[in-house]
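Me: Please take a close look at the aromatic side chains of this model and the strands that carry them, and then follow those strands outwards to their other contacts. I would like one connected account rather than a list.

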Amino acid sequence: MKPLKLTKLMKLTKPLKSRGFPIRFPIHLPIHLPTRLPIRLALRPAISLAAALCVTASAQTISATDAASATDTSFASTTDAAPATSATKVASEDSKDSVVHMTEYRVYAVKDFAGGQLAPDEKIGFLGDLQIMDAPFAANRYTAALIENQHARTITDVLNNDPSARPALGYGNFEQMFSIRGFTLYNSDISFGGLYGALPRQVTVTEMIDSVEVLKGASALINGIAPYGSGIGGAINIQPKRATYAPVSRVTIDYTNNSFAGWHADLGRRAGRDKQFGIRINSVYRNGETSIKDEHREQGLVSIGADYKTARLRLSLDLAYQNYRIDRGRPAVFVTTYPAGTLPRAPRGDENFGQAWTYSYTQSYFGMMRAEVDATEWLTVYAGLGGATDDEYGAYSSPYLGNAGGDALASLLEVPYKDNNRSHDLGLRARFKTGSIKHSINLGYAETHLKKRAAYEMGVRTNATNIYTGAQFAKPAVAYRGGDMLNPGVTGRTATSGIALADVVSMPGDRLTLIGGVRWQKIRNSAFAYTGAQTDRYNEDAITPGGGVVFKPWEKVSLYINYMEGLQQGPVAPATVTNAGEVFAPFRTKQYEAGIKIELGAFLATASVFQLAQPVGVTDPVANRYDADGETRNRGLEISGVGEIRPGVRLLGGVMFMDSELRGMKNAATNGNRAFGVPVTTLNMGAEWDMPWLKGLTLFARGIHTSKQYADAASQTAIPGWMRWDAGVRHKMTVGKTPLTIRANMDNILDNNYWSSAGFTSAGYVTVGAPRTFVLSVTADF
């Protein structure tokens, strides 16, 4: 018998085309096919073999979707995790026997959620890949297609699509931070490939990102403790771009009003006989005045992502350099000195009350290495190592609002900041059956070390300005200082470590999935004065359990519940109370959640109800004692929809309703109040429409709404609710032999003026919303 030819094998893949969720076809190594075997016995592995070959050889077909043709993401993001190689060795026709060496492939039939803007699978911390319908959690995985189509320059721009998240500025600086389900997440606590401490501190540029994974709710079991102490209401993880089997040679030039312009180059190739070697290089540079008057920004990024994939081994290395400079950035506004009541009107969105001498400059080196090896057919061993170093210097001046006319006082804060962070993890994933029940046992260890150095110089808050006129004053004289500004000393060290064990159990028919586990976590923290003397020491540990259940009464309907805990360092009683210096055990946030997910063809609808309760340290005004008696309790309802409601019409967004309450507070003025910075209603709803009469033309529109928020714990000073409308258009065409994509987006098209958020980390400061912003870009694929 003659061996099967490759062309014949390829034809066998035609019946495998599907628009369902990813389907896995395991094929074991090696497979020996003697020529005397009946042809029907050879067809079964041959079909699976041809399917794997078809996936790798026809990436252009897959990338013809809206998302993939823009960024080739729908293919890359679904196959990165797979231990796939791209070719199979078939004996020549001169051989007496046909010997086929086959690896364990994952053949995916990709479902386009909202045109590839949302991936159909989730990476759930150390649990690994779970399909959306099999995960007892609320999560979204935004793709590089969305990032590129919406001109999302930072993580804030990506989360403009999520109703559970709201952005803000840091306390006195320009760090991006987020509120997820009403609790703060610092940019510093975003993980990179599952590793904490491996990303830039204040801002992360998006051009190197393949997906932004947003897990909503407490996640100590899944992700461990965030080293900077945030992330109670949700977690964000970033996955870097990888080389796809289709070559990528992409150049983009872009322009933003007023004169902020730049370019982005993206190059990806795979090499080797089996395409086992891959490299992806991204380079970005932008410079100029932004849509805010006299605010100048400069950003640069160079990243290299290399990977190696064989049947049983996956290796990857990511290295990146980022610099980000802001001159005369518009700061947040402090309202602690403003009379209680609704704040005055917000300044014009393009007005800049930042001082001309203020700036912030950060350069960051960061990266990670990862390795996975399939020790056996049922056991995978993995390990990762990552880290980042930031060198930051800034001169800041935030106004303290005094009256309805916008008069304010401001001062000087100048800070050099340096940090050195490293983290690593290692673990095992075992897949086996007990009878007809499938198990995926996950055992993992993770450790993170952070070291920060800082100094400061401060002036006196006596300089007059105005948030409406942007009145300027000279850089104030220094009145206070701490540390060496040229060589800042160590001010803090944090180390976290933990061991986690979990089991994902699938019952026969995959109608019932159970997840349960526990994580032991240790937190060590040392604080130092600017003189070098140690001021505080924290060394505590805790055990956090968690679990969830998914039940599928029908194939396209999932009902789920979960109980999860969040964990953060407990406080140390301040020096002004009778129990000064008392160290409290780590704070646990308890979450209860129940939800439903319904797949309606190419549309996914989800709804969930949840309760999160976070302990709060409070001081008894009578006994003058500090205790962990209070809590912030957030109860909410989330409803979201994503996908195609009719051919060429896609939706992405949802709404969240939140009831937030401060409980157990010793101060009667705050007990029972709504938590500051937590609105009752948040809504994000976007839509895309592929114009039927002009091929390649897509229209985009989005509305973002946030209801009233209190800026203080006493619930006396509030910012009003606001609504913003965004719109965009993109057109794909071919000029000569070069595919081009022209994109134009406008945020806040009505140029509304609004206070966008109240402070998340501390009561008493608010942020001005962005003005009408227009972005135009042209992308060429060579």
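Reply: In this predicted model, Tyr321 has a relative accessible area of 22% and is partly exposed, because buried is reserved for values under 20%. Tyr365, at 47%, also counts as partly exposed, since a residue must be over 50% to be called exposed.

To place these two tyrosines, it helps to begin with the aromatic contacts of the whole structure, where a search finds 13 aromatic pairs. One of these is formed by Phe277 and Tyr308, a tilted pair with 4.9 Å between the ring centres and 50° between the planes. This pair links distant parts of the chain, with Phe277 in strand S15 and Tyr308 in strand S16 (residues 296-309), 31 residues apart. Phe277 is partly exposed at 44% relative accessibility, and Tyr308 is partly exposed with a relative accessible area of 25%. Tyr321 and Tyr365 form a tilted pair as well, with centres 4.9 Å apart and planes at 45°. Here too distant parts of the chain are linked, as Tyr321 belongs to strand S17 and Tyr365 to strand S19 (residues 359-374), which places the two residues 44 apart. Elsewhere, Phe334, Tyr400 and Tyr765 form one aromatic cluster.

Two arginines lie over aromatic faces: Arg201 over Tyr417, at 4.0 Å from the ring centre, and Arg270 over Tyr245, at 5.2 Å from the ring centre.

Strand S17 also takes part in a charged contact, for Asp318 forms a salt bridge with Arg242, the closest N and O atoms being 2.7 Å apart. Asp318 lies in strand S17 (residues 313-327) and Arg242 in the loop between strand S12 (234-240) and strand S13 (248-256), so the salt bridge ties together parts that are 76 residues apart in sequence. Both partners are buried, Arg242 at 8% relative accessibility and Asp318 with a relative accessible area of 4%.

By the rule used for such contacts, the count comes to 42 salt bridges. Another of them joins the side chains of Glu213 and Arg141, at 3.4 Å from N to O, and links strand S11 (residues 209-216), which holds Glu213, with strand S6 (residues 138-143), which holds Arg141, the two residues being 72 apart. Glu213, at 3% relative accessibility, and Arg141, at 1%, both count as buried. A further salt bridge, between Glu599 and Lys556, has its closest N and O atoms 3.6 Å apart. Its partners are 43 residues apart, Glu599 in strand S32 (residues 587-600) and Lys556 in the loop between strand S30 (534-554) and strand S31 (557-568). Glu599 is buried at 8% relative accessibility, whereas Lys556, at 35%, is partly exposed. Salt bridges that share partners also join Lys241, Arg250, Asp266, Arg280 and Asp781 into one network.

Returning to the strands, S13 contributes to the surface. A nonpolar surface patch of about 870 Å² has Val251, Ile253, Tyr255, Trp263, Tyr285, Ile742, Phe774, Leu776, Val778 and Phe782 as its members, and the elements that give two or more residues to this patch are S13 and strand S44 (773-781). Tyr285, one of the patch residues, is found in strand S15 (residues 277-289) and is partly exposed, with a relative accessible area of 31%.

The backbone deserves a last look. Most residues other than glycine have a negative phi, and most peptide bonds are trans. Against that background, a cis peptide bond joins Asn257 and Asn258, with omega about 5°, and Asn258 lies in the loop between S13 and strand S14 (260-271). Asn748, although not a glycine, has a positive phi of about 55°; Asn748 sits in the loop between strand S41 (738-747) and strand S42 (755-758) and is buried at 0% relative accessibility. Asp751, in the loop between S41 and S42, also has a positive phi, near 55°, but Asp751 is partly exposed, with a relative accessible area of 21%.

Conventions: Residues are numbered from 1 along each chain as its sequence is written. This is a predicted model: local features need pLDDT of at least 70, side-chain atom pairs count only at pLDDT 80 or more; totals for chains, interfaces and linings use all residues. Side-chain values use heavy atoms; hydrogens and water are left out. A salt bridge is a side-chain nitrogen of Lys or Arg within 4 Å of a carboxyl oxygen of Asp or Glu. Helices (H or I, at least four residues) and strands (E, at least two) are DSSP runs, numbered from the N terminus. Buried means under 20% relative accessible area, exposed over 50%, partly exposed in between (1.4 Å probe, protein chains only). Patches are made of residues with over 30% relative accessible area and no salt bridge: like charges are joined within 9 Å, nonpolar side chains (Val, Leu, Ile, Met, Phe, Trp, Tyr) within 5 Å. Accessible areas come from the Shrake-Rupley method with a 1.4 Å probe; for residues, only the protein chains shown count as cover. Rings of Phe, Tyr and Trp (its six-membered ring) pair if their centres lie within 6.5 Å; planes under 30 degrees apart count as stacked, over 60 as edge-to-face and the rest as tilted. A charge sits over a ring if NZ of Lys or CZ of Arg is within 6 Å of the ring centre and within 35 degrees of the ring normal.
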